[in-house]
Amino acid sequence: MKLGFIGAGNMARAIINGLIAEQKISGEDVYIHSAHKSSYESYAKEKGLNPCESNSDVVKNAEIVFLAVKPIVSKDVLEEVSTEFERKNPVLVSMVTGVSIAELADALHFPAAKIIRIMPNVNVEIGEGMTALKAGKKVTETEFSEVTDLFDSIGKTTEMEEKDFSTFVALAGSSPAYVYLFIDAMSRSGVKYGLNKRQATEIAAQAVLGSALKVLEASKSPMDLVDDVCSPGGTTVAGLLAMEEYGFTTSVIKGLDATVDKDKK
Ligand SMILES: NC(=O)C1=CN([C@@H]2O[C@H](COP(=O)(O)OP(=O)(O)OC[C@H]3O[C@@H](n4cnc5c(N)ncnc54)[C@H](O)[C@@H]3O)[C@@H](O)[C@H]2O)C=CC1
Ligand SMILES: O=C(O)[C@@H]1CCC=N1
């Protein structure tokens, strides 16, 4: 299966690196182009990918074309490749936030375009991603399964209506940044009490990893798990109440609200 990438930034690389690490693809199956040679040529060389001279060359060579550019340039890029798209008719997989399947088809000037909208997160790079997918009407079941299968190999997937994509961006697309921030805040507290940053970060990250696995595996709700850690009169409930006094839950929800609002604009 030949994969094309328009855009060679953080998200494209996370997907390519993850798929190569899982041996789902090899570098020679990937065709890539982005705005600046310096941003993709050395990466392509390092991973054994095929660097292309233009976005249209990517479309010419690939059966599945990933659109991995910022929302602001996405429509211009699709206009640029529209002729080649109509000629070749590959599957377009867009990870662009806030741009619907209908808008993507409009920008391509190609109503018959086979479009899948996805929202991955950077953790696909280590095989622990969370990706939402929605197939446009022209996509066959086989094509949708092929794309879903790629993302199943580098994390979990869920099929989702487009109306819920903004919520998904907050919960999974952007949230790794919020979790990294939480880990960093815990680590800084460890440093405040004399641990070195490296050790404090490792301890905090392992505590978060174990807690996430526990939530996924437990039959209890997260709040019941909170209660299990809070010994009566103990340290945890003291910390929890202090966190809530400073608005922990509210600040998380406000942060996710801002993410959803930004995606909808
Ligand atoms: N970074 C993340 O964690 C996630 C990003 N996304 C979405 O993925 C898309 C890409 O995001 P990032 O990789 O973070 O951005 P980035 O800024 O790291 O990469 C963007 C890439 O697009 C290229 N580009 C710009 N103009 C171009 C053009 N005219 N033709 C071809 N390539 C062009 C740039 O050279 C760069 O390689 C965005 O739409 C973003 O919303 C979705 C989920 C998570
Ligand atoms: O910050 C952004 O806009 C992108 C979308 C989700 C994660 N990064």
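How far apart do the end C-alpha atoms of residues 2–96 lie, and what share of the span is helix and what share is strand? In this predicted model, the two end C-alpha atoms are 21 Å apart, and the span is 51% helix and 19% strand. The stretch carries a label in the UniProt record: an unreviewed entry annotates residues 2–96 as "domain: Pyrroline-5-carboxylate reductase catalytic N-terminal".

A good place to begin the tour is the β-sheet. The sheet is open and has 8 strands, and reading across it gives the order S3-S2-S1-S4-S5-S6-S7-S8, with mixed pairing. Strand S3 (50–51) and strand S8 (155–159) form the edges, each pairing on one side only. Strand S1, made of residues 3–6, runs parallel to S2, and 4 bridges connect the two. One contact to look for here is that of Phe 5, whose bridge partner in S2 is Ile 32.

Strand S5 is a helpful landmark for following the chain further. Strand S4 (residues 64–67) is joined to S5 by 4 bridges, and the two strands run parallel. Within this pairing, Ile 64 has Val 91 of S5 as its bridge partner. Together, S4, H4 and S5 build a right-handed β-α-β unit. From S5 the chain passes through H5 to S6, in a β-α-β crossover that is right-handed. S5 and S6 are themselves paired in the parallel sense, over 4 bridges, and Ser 94 finds its bridge partner in Arg 117 of S6.

Which residues of strand S5 point one way, and which the other? Val 91 and Val 93 point one way from S5 (residues 91–94), while Leu 92 and Ser 94 point the other way, and all of them are buried. Val 91 is thus a buried residue of S5 that also serves as the bridge partner of Ile 64. Ser 94, likewise buried, is the residue that bridges to Arg 117 in S6.

Two ligands are present in the model, and their surroundings can be described in turn. Ligand 1 has 27 residues around it, of which Gly 7, Gly 9, Met 11, Ser 34 and Ala 35 come nearest. Helix H1 (10–21) and helix H4 (71–88) are the elements that give two or more residues to this shell. Helix H4 is also the helix of the β-α-β unit with S4 and S5. Sorted by class, the shell around ligand 1 holds 15 nonpolar, 11 polar and 1 charged residues. Around ligand 2, the surrounding residues are Thr 97, Val 169, Gly 173 and Ser 174. The shell of ligand 2 comprises 1 nonpolar and 3 polar residues, with no charged ones.

Finally, two loop residues invite a look at the backbone. Most residues other than glycine have a negative phi. Gln 23, however, has a positive phi, near 55 degrees. Gln 23 sits in the loop between H1 and strand S2 (30–33). Is Gln 23 buried or exposed? Gln 23 counts as exposed because 8 C-beta neighbours lie inside 10 Å, and the cut-off for that class is 12 or fewer. His 109 also has a positive phi near 55 degrees, and this residue belongs to the loop between helix H5 (101–108) and strand S6 (114–119). With 13 other C-beta atoms within 10 Å, His 109 is partly exposed.

Definitions and conventions. Residues are numbered from 1 along each chain as its sequence is written. Chains are lettered from A and ligands numbered from 1 in the order in which they are written. This is a predicted model: local features need pLDDT of at least 70, side-chain atom pairs count only at pLDDT 80 or more; totals for chains, interfaces and linings use all residues. A residue is near a molecule or strand if its C-beta atom, placed from the backbone, lies within 6 Å of it. Ala, Val, Leu, Ile, Met, Phe, Trp, Tyr, Cys and Pro count as nonpolar, Asp, Glu, Lys and Arg as charged, and the others, Gly among them, as polar. A residue is buried if 20 or more other C-beta atoms lie within 10 Å of its own, exposed if 12 or fewer, and partly exposed in between; C-beta atoms are placed from the backbone. Two strands pair if DSSP finds at least two bridges between them. UniProt positions are given in the numbering used here, feature names are shortened, and annotations may be inferred rather than shown by experiment. A crossover is right-handed if, with the strands pointing away from the viewer, the path from the first strand over the helix to the second runs clockwise.
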